[in-house]
Amino acid sequence: MTHSATDSTTHTMTAAVLTKFGGSESLELHHDWPRPRPAAHQVLVNVTAAAVNNTDLWTRQGAYGRPEDPAALAGWLGDFDFPRIQGGDICGIVAEVGSGVGDELLGRRVLIDPALYPSADENASPTGYLGSEADGGFAQYVAVDAAHAHDVHDSPLTDEQLACLPVAFGTALAMLDRVRVQAGETVLVTGASGGVGLALVQLAAARGAHVLAITSGSKADAVLANGAAQVFTRESPNIADQISAAAPDGLHVVADIAGGTGVATLMPLMRDNGRWVIAGAVAGPVIEFDLRRLYLHNIQLIGSSMHTRVHFRGLVDLARSGDIRPQISATFPLTAIADAQAEFSARRHIGKIVLLPE
């Protein structure tokens, strides 16, 4: 038995549905897609805002490859089921609750943890996420486990700002935790103007770290405004020399979402026992670098794909207090999802692009 906060009797909704790997033509907009019903221990959320991420584009393109074939079309876990509603960044209002769920969340604004965990272990790493292994938020409604719907009704942040948090800020928070960033440490952030990059800058600065950042020259002021002490233009031919001069004792941490040739270029700038955490490869996934720079200096190289339950609860606390301020570059109606993803792909934006279901 379900309980509802609305008298609506419609059983369909508008949804952007991914039908195959490919370009924007792979996304089909449907106005009569079946509206999900909350199963036992689930809630139905009326989506009010859903942000766009790199993972949405890479999944649509099948760009994750396979261990035996980096160029193979695949989702992040390999096999992928179509059709799929993408979108892991979700803010909305609880419209219905399934059996086994109390009415406390009905009508409340919630932030959704998009991770799918393999066990009840609080520190378990996700083995799937909404928008990939289950339907996500690029629709008017989404059904999720009640334990993943966190009450943020009284947060001072807008729905659009809240929708910026789960993937970008969750990823950034997990990266910084996994390399144990401390006050006074020098942290270099790559790709600093995107959603994860700005979150890294903001969160690392809030911990008292001395934040250096790499971005394009036109976006430097925005990165500085989010807490970076100094910004370096990635187009500069002598960027390694500039960073070395700014951190003469070496980098304690590199928080990297770019990958590519920068790994080989920047690795020699690290202090002994430094920590390099990477959660993306927008500058290239297959790289070559001198392993001696790694092992001779006892540098830790750590992969970090998403958050844990513990990380996400910390993020929710920050959302409730308003101690973080996500930057929104643009909003689009859900019906203009192809335009929103095209704008995202152009890399002109600073911060996040958010979709608003109608």
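Let me start with how helix axes are handled: axes are lines fitted to C-alpha atoms, for helices over the stretch in contact, and angles run from 0 to 180 degrees between N-to-C directions. Hello everyone, and thanks for coming. What you have above is a predicted model, in which local features need pLDDT of at least 70, side-chain atom pairs count only at pLDDT 80 or more, and totals for chains, interfaces and linings use all residues. Residues are numbered from 1 along each chain as its sequence is written, and side-chain values use heavy atoms, leaving out hydrogens and water.

Now, a pair of helices. Helices (H or I, at least four residues) and strands (E, at least two) are DSSP runs, numbered from the N terminus. At what angle do H3 and H4 pack? The angle between H3 and helix H4, residues 195-206, is about 50°, and their axes are 8 Å apart. H3 and H4 are therefore oblique to each other; angles under 35 degrees count as roughly parallel, over 145 as roughly antiparallel, 65 to 115 as roughly perpendicular and the rest as oblique. Contact here means heavy atoms within 4.5 Å. Among the residues making it are Phe169 and Leu176 of H3, together with Val196 and Leu203 of H4.

H3 also turns up in our next stop, helix H9. Helix H9 covers residues 309-321, 13 in number, and reaches 19 Å from first C-alpha to last, close to the 18 Å expected at 1.5 Å a residue; the expected span is 1.5 Å times one less than the number of residues. Its buried residues (buried means under 20% relative accessible area, exposed over 50%, partly exposed in between, with a 1.4 Å probe and protein chains only) are His311, Phe312, Leu315, Val316 and Ala319. Seen down the axis of H9, these fall within an arc of 140°, so they line one face of the helix; the arc is that of the directions from the helix axis to the C-beta atoms. Their cover includes strands E7 and E11 and helices H2 and H3. Just after H9, Gly322 takes a positive phi of about 75°.

On to helix H1, residues 54-61, where Thr55, Asp56, Leu57, Thr59 and Arg60 are buried. Strand E2, strand E9 and helix H10 are included in what covers them. Gly62, just after H1, has a positive phi of about 65°.

Finally, is Thr335 buried or partly exposed? Thr335 is partly exposed, with a relative accessible area of 34%, and lies in the loop between strand E18 and H10. Leaving aside neighbours within four places in sequence, Thr335 is in contact with Leu29, His31 and Glu358.
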